[in-house]
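Here is a short briefing to read alongside the model. Take a look at the structure first, and then we can walk through its pocket, its charged pairs and a few residues in loops.

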Amino acid sequence: MSGEDSSTERVLNARLQYWLGVFVVYALLLLPSTWLLIDLLRDTLTWRYERDTPLMVYMAWLMDTYGYLPWRDFFDMNLLGSYLSYLWIGRLFGWDDLGIRTAEIAVLVAIMAITVGILWRLGLRAAWAAALLFVFLHLSYGLVWTLQRELIALIPIGLGIACASGLPRLHPQWRAWLSGLCIGAAATIKPQFAFVLPFICIYLAVELVPGQGRFGEKLRGTVSMAVMAGMGMALPLLGFLGYLLYNGLVEDFLHTAGYLKYYGQITANRSVLPPEMRLTYMINGILGALQYEWTLIGLVGLMAAFANPRFDDAQRRIIMLLAGVIVALAAVPAVSGNFWRYHYLPMEYAMSLAAGLVFAPYTYSTDMVRRLLPALLVLLMCFQQFQPYNHFRPLYKHGKEVPMEGRPDQVAEFLQEHLQPGDLVQPLDWGGGGMVHAMLYAHARIATKYIYYFHFFHAVDTDYIQNLKIDFLQELDASKPRFLLRGMLDVPGFVRGRGTANRFPEAEAYIAANYRAVYRGRRHIIYERLGEATQEPTPAAAWGAALPKSSSAPPNVTVTPEQTDETARPAPKYKRFPFKPLAPADGPSPPRP
């Protein structure tokens, strides 16, 4: 009798510990974290954004306002999915800061819901925790990561994974078709995202022939899954091709794609490496991903999940799928050859899915140490990664800063005061100087198709770049923009290394002969075309030397003033941007309310 009592007592104690752990997870972690996240998301409505996202939003604004077509009307290396994403974001949420911040919240909420769809079969706690982990991670990076292409692409990527893992009652072949459709949509943003699809096909093939099925059956299942996934993936890709054919953009797209072999030579620190150093750079970039804290967090989650005795074979197959997705998304930066920090965002999302598994339910008999140790390790590493005392409310300040030291606000204020209907503006900026951001704020129309200025400073001895230079100067002379916006004066040449240059002499000579400096900031200059009356030049700041003056025409370049398609378009519909910067010309701007 005493033995039965002792056994019953052990069972009761185990159940008590189990439900105590559930209470701790919900009451002390998930619910307070959810409240904190809601408060933080509300606060992000007052944040700004900078660098890549303003460039994409500006190009989408040109498409919406003036009917611009990518690759023909602006020279950019992205795919159709990126442009259409930002185009509809602008149309649905607006083109101002509040619209972009609202759109990001909508995207994050959608990703959280998709995360639940991926992991619900492994436990609601795991899905909830994974969603919270990723959103906190994303917001901890501040303004630069706002609504990046990789974040938007997580919606179709996550849907593709959720269709495979979260719809067990649907036949695997139809799940493969739906997953292929979603991953195909993601591939129109970045083709490397298609790497996820083979792992989904393998997972669904095992779902179709579970257990110890014969190799031939599994192979046939994999082939059938691949065929169905390929059929689904073909639809968005055919839509992409149809867009090119309908608008006559095939030649323009192929010409722009020819630039990728030169752009791919530029590293994350804006240098061009010789071929003998490229392999070492690639290896270091791949190994560098393993050094991120988030990689370790994800590995802890995977190991804890595989050791969880509560998971059955079907659930373990989902864990294997998550491991494959991590491998696929980790390969994305390596294939592009550019290891920018935000390129790892999809991989970190997959790591967040794995990390959330440490909060999955265990059996009653699992000892407390085995339950708590992985969760504590993940939480400790998260606190180190999130740096809550520097980033989150009530001490969160990172998101309150103005973009790019206030340059977009200062230049936008100048343009708002002086632009007239029909005026065109040309940025001379490598992309991160904030000049295009200012043009978006001021609703200024670009004069040529060249958004970026760095194209002309690398691979300078190739015919491709030489032709780009000639085309740029011809368009510049034909459109005769009223203002030129030169940014990042302290970064000469923008890129360095073999085949690069620090100057663009032909453009400098053309500017000196036809423009004068009328505004000089700390790291930027505004030039106005001669004959246009604006104001006396603003006194130069410490960093703001004018370009070399010359009365000669650009050497080695034939410039014809013939009218181009750009100048044949109707005059822009000028509309003031709804904000008024408060900063002086050479000082930092306070954040707008």
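The largest pocket has a lining of 39 residues, and those nearest its centre are Arg149, Tyr263, Asn338, Tyr342 and His343. Please keep in mind that this is a predicted model. From the pocket, Arg149 leads on to the salt bridges, since its side chain meets that of Asp52 in one of them.

**The largest pocket**

- The space in the largest pocket comes to about 1,000 Å³.
- Three elements each give two or more residues to the lining of this pocket: α2 (52-66), α10 (250-257) and α11 (260-263).
- By residue class, the lining divides into 21 nonpolar, 11 polar and seven charged residues.
- Arg149, listed among the residues nearest the pocket centre, is buried, with a relative accessible area of 13%; that value falls under the 20% cut-off for buried residues.

**Salt bridges between distant parts of the chain**

- How many salt bridges does the structure hold? There are 15 in the structure, and three of the pairs are described here.
- Asp52 and Arg149 come together through their side chains at 3.8 Å, N to O. This pair links distant parts of the chain, with Asp52 in helix α2 and Arg149 in helix α6 (residues 149-165), 97 residues apart.
- A salt bridge also joins the side chains of Asp64 and Arg91, at 2.7 Å, N to O. Here helix α2 supplies Asp64 and helix α3 (residues 80-93) supplies Arg91, and the two are 27 residues apart.
- Are Asp64 and Arg91 buried or partly exposed? Asp64 counts as partly exposed at 29% relative accessibility, and Arg91 is partly exposed too, with a relative accessible area of 42%.
- The side chains of Lys190 and Glu150 meet at 2.5 Å, N to O, in another salt bridge. Lys190 belongs to the loop between α7 (172-187) and α8 (196-208), while Glu150 is in helix α6, 40 residues apart from Lys190.
- Both partners in this last pair are buried: Lys190 has 14% relative accessibility, and Glu150 has a relative accessible area of 1%.

**A charged network**

- Which residues are linked in a network of salt bridges? The members are Asp423, Arg482, Arg516 and Glu528.

**Rings and charges**

- The structure holds 30 aromatic pairs.
- Arg445 places its charged end over the ring of Tyr66, at 4.5 Å from the ring centre.
- Lys469 has its charged end over the ring of Phe504, and the distance to the ring centre is 4.9 Å.

**Loop residues with positive phi**

- Arg51 has a phi near 65 degrees, which is a positive value in a residue other than glycine. Its place is the loop between α1 (2-44) and α2, where Arg51 is partly exposed, with a relative accessible area of 31%.
- Leu147, also a residue other than glycine, has a positive phi near 50 degrees. You will find Leu147 in the loop between α5 (124-140) and α6.
- Is Leu147 buried or exposed? At 0% relative accessibility, Leu147 counts as buried.

**Buried loop residues and their distant partners**

- Arg523 sits in the loop between β6 (515-520) and β7 (524-529), and Arg523 counts as buried at 13% relative accessibility.
- Along the chain, Arg523 and Glu405 are 118 residues apart, yet 9.6 Å separates their C-alpha atoms.
- Where is Phe494? Phe494 lies in the loop between β4 (483-487) and β5 (496-497), and counts as buried at 2% relative accessibility.
- Phe494 and Arg270 are 224 residues apart along the chain, with 6.9 Å between their C-alpha atoms.

Technical notes
Residues numbered from 1 in each chain as written. Predicted model: local features only at pLDDT ≥ 70, side-chain atom pairs only at ≥ 80, totals over all residues. Heavy atoms only, no water. 1 Å grid on protein atoms, 1.4 Å probe; cavity = no way out; pocket = protein on both sides within 12 Å on 5 of 7 lines; lining within 4 Å. Points joined across faces, edges and corners; volume = space filled by probe spheres on them. Helix = DSSP H or I, 4+ residues; strand = E, 2+ residues; numbered from the N terminus. Nonpolar A, V, L, I, M, F, W, Y, C, P; charged D, E, K, R; others polar. Salt bridge = Lys/Arg side-chain N within 4 Å of Asp/Glu carboxyl O. Buried < 20%, exposed > 50% of the residue type's maximum accessible area, 1.4 Å probe, protein only. Phe/Tyr/Trp six-rings, centres within 6.5 Å; stacked < 30°, edge-to-face > 60°. Lys NZ or Arg CZ within 6 Å of the ring centre and 35° of its normal.
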